Amino acid sequence: MTDSLKNWIPYRLNFTDNEWKVAWLDLGDHYINEPFFDETIDICKAEMLNRSQFRSQTDLSFLLANSDNRSGLLPTAFIFHVSRCGSTLLSQILSVDRNNIVIPEAPILDEVLKMREQDPSLSVDDLKNYFIAMVKIMGQKRSGTEQNYFIKLDSWHLHYYQWLRAWFPTTPVYFISREPRA
């Protein structure tokens, strides 16, 4: 990834005409601190409309080719959660420190994990490569001060725990739940 792609982040996968496309968005100097990734994307899309009409879309080979060429962090931790357990509060607290990158429930990570539903020709190894590439690019050091990188996954990603554990064997995983009677 060249410096001209600094601050760009993949945010959506599209599968049309048997071809995968990655939609990218320029975050500019926007620091991700919204409770949910989609909120960040909506804000940055609105800001980008004011700057230009430029939209970027690439194929998956571009993603793979550029994921290793960007300074970035590997995840400090994955956060799994159940509904209404306080995980959004936790991710908000983590995002207060600008040395942390926090990606809260990014739909594109779900889209990667579910790619085989639309394209059965893909292998689990393909998904692994795409997921790791997404994670690397999302963890890019944009200001240069970042030291930690937290990914809060959606609650249903627990179904993919075995894959994630195999792909990131040394990354701590936190499970946040609530008292069942609450």
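Trainee: Which strands each supply at least two residues of the lining of the largest pocket?
Mentor: Good place to start, and keep in mind that this is a predicted model. The largest pocket holds about 270 Å³ of space, and its lining counts 19 residues. At least two of these come from each of two strands, E1 (8-16) and E5.

Trainee: What gives the largest share of that lining?
Mentor: The lining of the largest pocket divides into 8 nonpolar, 7 polar and 4 charged residues. Nearest the centre of the pocket lie His30, Tyr31, Arg142, Ser143 and Glu146. The largest share, 3 residues, is supplied by E5.

Trainee: Where does E5 stand in its sheet, at an edge or between partners?
Mentor: Let's read the strand order, which is E5-E6-E4-E7 in an open sheet of 4 strands with parallel pairing. Strand E5 (100-104) and strand E7 (173-176) have a single partner strand each, so one side of each is left without a neighbour in the sheet. That places E5 at an edge.

Trainee: By how many degrees are neighbouring strands of this sheet turned against each other on average?
Mentor: Picture the order E5-E6-E4-E7 once more. Each strand is compared with its neighbour, ignoring direction, and the average turn is 20°.

Trainee: Which helix packs on this sheet?
Mentor: Look for a helix that touches E4, E5, strand E6 (148-152) and E7. Its direction makes about 150° with that of E5. The helix with residues 87-96 fits this description, and its label is H3.

Trainee: How many bridges join E5 and E6?
Mentor: One place to look is Asn100, which stands opposite Asn148 in E6. E5 and E6 pair in the parallel sense, and the number of bridges is 5.

Trainee: Why is E6 described as largely enclosed by the rest of the structure?
Mentor: A residue counts as buried when its relative accessible area is under 20%. E6 has 5 residues, and it is largely enclosed because the number of them that are buried is 4.

Trainee: What is the bridge partner of Phe78 in E6?
Mentor: Here we look at the pairing of E4 and E6, which is parallel and runs over 3 bridges. Across from Phe78, the partner in E6 is Ile151.

Trainee: Which residue in E7 stands opposite Phe80?
Mentor: Phe80 has its place in strand E4. Strand E4 (residues 77-81) pairs with E7 in the parallel sense over 4 bridges. Opposite Phe80 in E7 stands Phe175.

Trainee: Does Phe80 count as buried or exposed?
Mentor: Leaving aside neighbours within four places in sequence, Phe80 has contacts that include Leu153, His157, Tyr161, Leu164 and Val173. Its relative accessibility is 3%, and the cut-off for the buried class is under 20%. Phe80 therefore counts as buried.

Trainee: How many cavities of 30 Å³ or more does a search of the whole structure find?
Mentor: The largest cavity has about 30 Å³ of space. Its lining is made of Phe78, Phe80, Tyr161, Leu164, Arg165, Phe168, Thr171 and Val173. Sorted by class, these are 6 nonpolar, 1 polar and 1 charged. For cavities of 30 Å³ or more, the search finds 1.

Trainee: Which element gives the most to the lining of the largest cavity?
Mentor: Two elements supply at least two residues each, E4 and helix H7 (161-167). With 3 residues, the element that gives the most is H7.

Methods. Residues numbered from 1 in each chain as written. Predicted model: local features only at pLDDT ≥ 70, side-chain atom pairs only at ≥ 80, totals over all residues. Heavy atoms only, no water. Pairing = 2+ DSSP bridges. Axes fitted to C-alpha atoms, helices over the stretch in contact; angles between N-to-C directions. Contact = heavy atoms within 4.5 Å. Buried < 20%, exposed > 50% of the residue type's maximum accessible area, 1.4 Å probe, protein only. 1 Å grid on protein atoms, 1.4 Å probe; cavity = no way out; pocket = protein on both sides within 12 Å on 5 of 7 lines; lining within 4 Å. Points joined across faces, edges and corners; volume = space filled by probe spheres on them. Nonpolar A, V, L, I, M, F, W, Y, C, P; charged D, E, K, R; others polar.
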